[in-house]
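Biologist: I'm new to this, so please take me slowly through one part of this model: how its strands pair up. Wander out from there into the loops and helices beside them if that helps me find my way.

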Amino acid sequence: MSNLTIRPELREWILSTSRSGCSLSDLLKMLKDAGYGGEQSRQIVARVLNLPLATVIAAAKNKVVGARTRHPQAPLQTVGDHPVKITVSTDAPIVRVLENLLTSEECDGLMAEATPRLARSLTVDVDGRHQTDQRRTSQGMFFGIGETPLVQRIEQRIADLLAIPVNHGEGLQILHYQAGQEYEPHFDWFNPEQPGFSAITARGGQRIASVVMYLNTPEEGGGTAFPRIGLTVTAMRGSAVYFAYDTGDEASLHAGLPVIKGEKWIATKWLRERPYQA
C-alpha cells in the first residue's frame, strides 16, 4: 500500500486520539467499527503514527504492546506555536536532530533552576539501585514531573511532539560536564539479562526513547556520538537529539563525548512504554 491515501481529517483524528493515551488496540477497533478493513487500518495507523507495522499487527492481535513514540518527520514540526526543525534523520537506529526544541530563555532557566541541586551523577546498577560510575563523570540532578512551570512546559512540548503522554516520561535530568568529563558508550534500554531488570521495569516498563537537549554550546567537544553508525551530533544550544530503540537494539549505542574546552549542560528525558511511577 505504498500509494495509500489518508484523508487529512482522518490523520488528525488518529493523531489526537493517540495523544490522548488511547491504546493501539482500541484505536484499531474504533477504525474497524467505522468501517475500515483490518489490513487497511493497520497500514493507516502505522503510517500516521510512524510506527513499525509489526508493532501495530501485534496490537491488533491483542498482544501486550507498550506505547511507542512517534518519530518527528523532516523538515518541520510545529508544536503549538513552537516550530522545531528536523535537520538529521536516520532509521537504523532511529535518530532525529531537533533544532530549536528549546528557546535560549528556557535553556537559561533550566540551568538556573538546577544549579543549586547539582551532585555527582548516578547510573542504575544491575539491582536497580542508583550508583556512582566511573564511566559517567558529570554532575547532575532530577526534576520531578511538572515540578516547575518551565519543566512542565518542556515536558508537554516533548509529549506533543512525540505523541506520548507526559506520564510516560522519567523526571527531567540536568547534567553539567566540565572540560575532560564524558559519558562513555552505553545503551539507554535496560538489559533483560541483568538481575535488577524486573525491579527497574516494574515502575513503567522498558525505556523506549531518549531526548538529549543541549542547554549551551561547548567551545569544543561534548557532542553525542553513535559509534555503530559513525554519527556525531554537535552540541548546539537549544537543539536536541531524539533516538528511539527496542530492547537489544545495539545500533543505539551512544556516548557523551569528552568536553575538550569550556563546559556542557544538557537536559535528558527518558521515555517508558508505560506510565512511569517515580
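Modeller: Let's begin with a word you'll need: two strands count as a pair if DSSP finds at least two bridges between them. Also keep in mind that you're looking at a predicted model.

Start with the open sheet of 4 strands, whose order is E9-E15-E12-E13, with antiparallel pairing. Its edges are strand E9, residues 183-186, and strand E13, residues 231-233, and each of these pairs on one side only. On average, neighbouring strands in this sheet are turned by 15 degrees against each other, direction ignored. Now zoom in on E9. It runs antiparallel to strand E15, residues 254-256, and 2 bridges join them. That just meets the cut-off of at least two bridges. Look for histidine 186, which stands opposite histidine 254 in E15. As background, strands of a sheet pair through backbone hydrogen bonds, and they can do so in a parallel or an antiparallel way.

Next, go back along the chain to strand E1, residues 76-79, and strand E2, residues 82-91. These two are antiparallel and share 4 bridges. Valine 79 has histidine 82 in E2 as its bridge partner. Together E1 and E2 make a hairpin with 2 residues between them, and in that turn glycine 80 has a positive phi of about 65 degrees. Have a look at what comes ahead of this hairpin, too. Proline 75 sits in the loop between helix H4 (53-60) and E1, and the peptide bond joining alanine 74 to proline 75 is cis, with omega about 5 degrees.

E2 has another partner to meet: strand E3, residues 94-99, pairs with E2 in the antiparallel sense over 6 bridges. Here serine 89 stands opposite arginine 96 in E3. E2 and E3 also form a hairpin, again with 2 residues between them. Proline 93 lies in the loop between E2 and E3, and the peptide bond leading into it from alanine 92 is cis, its omega near 5 degrees.

Keep following the chain and you reach asparagine 100, in the loop between E3 and helix H5 (104-114). Asparagine 100 has a positive phi of about 70 degrees, although it is not a glycine. Its relative accessible area is 31%, so it counts as partly exposed, the class between 20% and 50%.

Alanine 163 makes a handy partner for that story. You'll find alanine 163 in the loop between helix H6 and strand E8 (173-177). It isn't a glycine either, yet its phi is positive, about 55 degrees. Alanine 163 has 5% relative accessibility, so it counts as buried, which takes a value under 20%.

Since alanine 163 follows H6, let's finish on that helix. H6 covers residues 149-162, which makes 14 residues. At 1.5 Å a residue it should span 20 Å, and because its end C-alpha atoms are 20 Å apart, the two values agree. The buried residues of H6 include Leu150, Val151, Ile154, Ile158, Leu161 and Leu162. Also on that buried list are Glu155, Arg157 and Ala159.

Methods: Residues are numbered from 1 along each chain as its sequence is written. This is a predicted model: local features need pLDDT of at least 70, side-chain atom pairs count only at pLDDT 80 or more; totals for chains, interfaces and linings use all residues. Side-chain values use heavy atoms; hydrogens and water are left out. Axes are lines fitted to C-alpha atoms, for helices over the stretch in contact, and angles run from 0 to 180 degrees between N-to-C directions. The expected span of a helix is 1.5 Å times one less than its number of residues. Buried means under 20% relative accessible area, exposed over 50%, partly exposed in between (1.4 Å probe, protein chains only).
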